[in-house]
Every structure is written in structure tokens, then in C-alpha cells.
Amino acid sequence: MSSENMIHVEVAFALPNVQRVIKVIAKDDSSVEQIIRQSGILAMFPEIDLSKNKVGIYSRNVKLDANVRDGDRIEIYRPLVADPREIRRKRAEKAKQAEAKK
């Protein structure tokens with residue numbers, strides 16, 4: 001296989017205390033899922049479940065069967081611990097209560 005048919009990409013995953021970015025050389029017709037599996041990151045982080053974790057390329061959500069281009073960075077996202085909208089709602093409610101006490 002010539003290098004003309006190959007692409008260089010990165011696969012990234014982060015936990016609060018651990019981040020991994022793995023460089024991968026793959027065939028130019030590889031999908032996001034194929035490259036993630038090829039990277040070996042699933043063995044490093046058994047908590048990754050591709051049926052549940054969202055993935056993206058440079059912060060843009062993509063499907064597992066999406067095409068990848070040379071130089072792309074595939075990111076595997078963790079589920080949110082808390083819903084940001086719920087946190088803002090609670091913060092606003094707390095501020096409203098504090099204002100009412102004054």
C-alpha cells in the first residue's frame with residue numbers, strides 16, 4: 001500500500017485527570033469507528049462505549065460511519081455528569097431566593 005492511500009489522524013479522549021491523544025496512520029477510506037478501533041484506545045479505556053459515547057471531529061459531532069480526512073482529530077466525548085441547563089436554572093433560582101431575602 002503506498003503512502004498516497006494513507007492518512008494521518010489523531011484519536012483523543014479525556015477524563016478529568018487523564019488525557020490521551022493517539023496518532024494513527026490509516027487507509028484514506030477509513031471511517032471514524034474503524035480508526036477509533038485501530039487506535040487501541042478502547043482497550044485503554046474500557047468505559048468507552050461507542051453505542052453511547054458521542055464522537056466528533058474538531059468539536060463537531062459526527063456519526064461513526066463518517067469519512068475522515070488527513071490531519072483530522074477524532075474526539076470521543078464523555079457523557080455529561082450534570083445538565084448545564086439544570087445547573088443554570090438552579091443557580092438562577094438560588095440567586096432569586098437570595099434577592100428575596102434582602
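Me: How many bridges join S1 to S2?
Reply: Happy to help, and keep in mind that this is a predicted model. S1 and S2 form a hairpin with 4 residues between them, and the two strands run antiparallel. One residue to look at is Val11, whose bridge partner in S2 is Ile22. The number of bridges joining S1 to S2 is 9.

Me: Which strand supplies the largest share of the largest nonpolar core?
Reply: That core has 20 residues, and Ile35, Ile36 and Ile41 touch the most other members. Strands S1, S2, S3 and S5 and helix H1 each supply at least two residues of this core. The largest share is 4 residues, and the strand that supplies it is S1.

Me: Is Glu75 buried or exposed?
Reply: Let's find Glu75 first: its place is in strand S5. Glu75 touches several residues further off in sequence, among them Ala12, Lys54 and Tyr58. Its relative accessible area is 13%. Buried means under 20%, so Glu75 counts as buried.

Me: Which residue's backbone nitrogen does the side chain of Glu75 reach?
Reply: Good one to check in the structure! Glu75 touches Gly56, Ile57 and Ser59, among others. At 2.8 Å, its side chain reaches the backbone nitrogen of one residue, Ser59.

Me: Where in the protein chain is confidence lowest?
Reply: The chain averages a pLDDT of 90, and 96% of the residues score at least 70. Confidence is highest in S5, at 98. At the other end, with a mean of 82, is helix H3, residues 84-101.

Definitions and conventions
Residues are numbered from 1 along each chain as its sequence is written. This is a predicted model: local features need pLDDT of at least 70, side-chain atom pairs count only at pLDDT 80 or more; totals for chains, interfaces and linings use all residues. Side-chain values use heavy atoms; hydrogens and water are left out. A nonpolar core is a set of buried Ala, Val, Leu, Ile, Met, Phe, Trp, Tyr and Cys residues joined through side-chain atoms within 4.5 Å. Buried means under 20% relative accessible area, exposed over 50%, partly exposed in between (1.4 Å probe, protein chains only). pLDDT is the predictor's confidence in each residue, from 0 to 100. Two strands pair if DSSP finds at least two bridges between them. A polar contact is a pair of N or O atoms within 3.5 Å; within protein, one must be able to donate a hydrogen and the other to accept it, and residues adjacent in sequence count only if both atoms are side-chain atoms. Contact means heavy atoms within 4.5 Å. Lists of a residue's contacts leave out its neighbours within four places in sequence.
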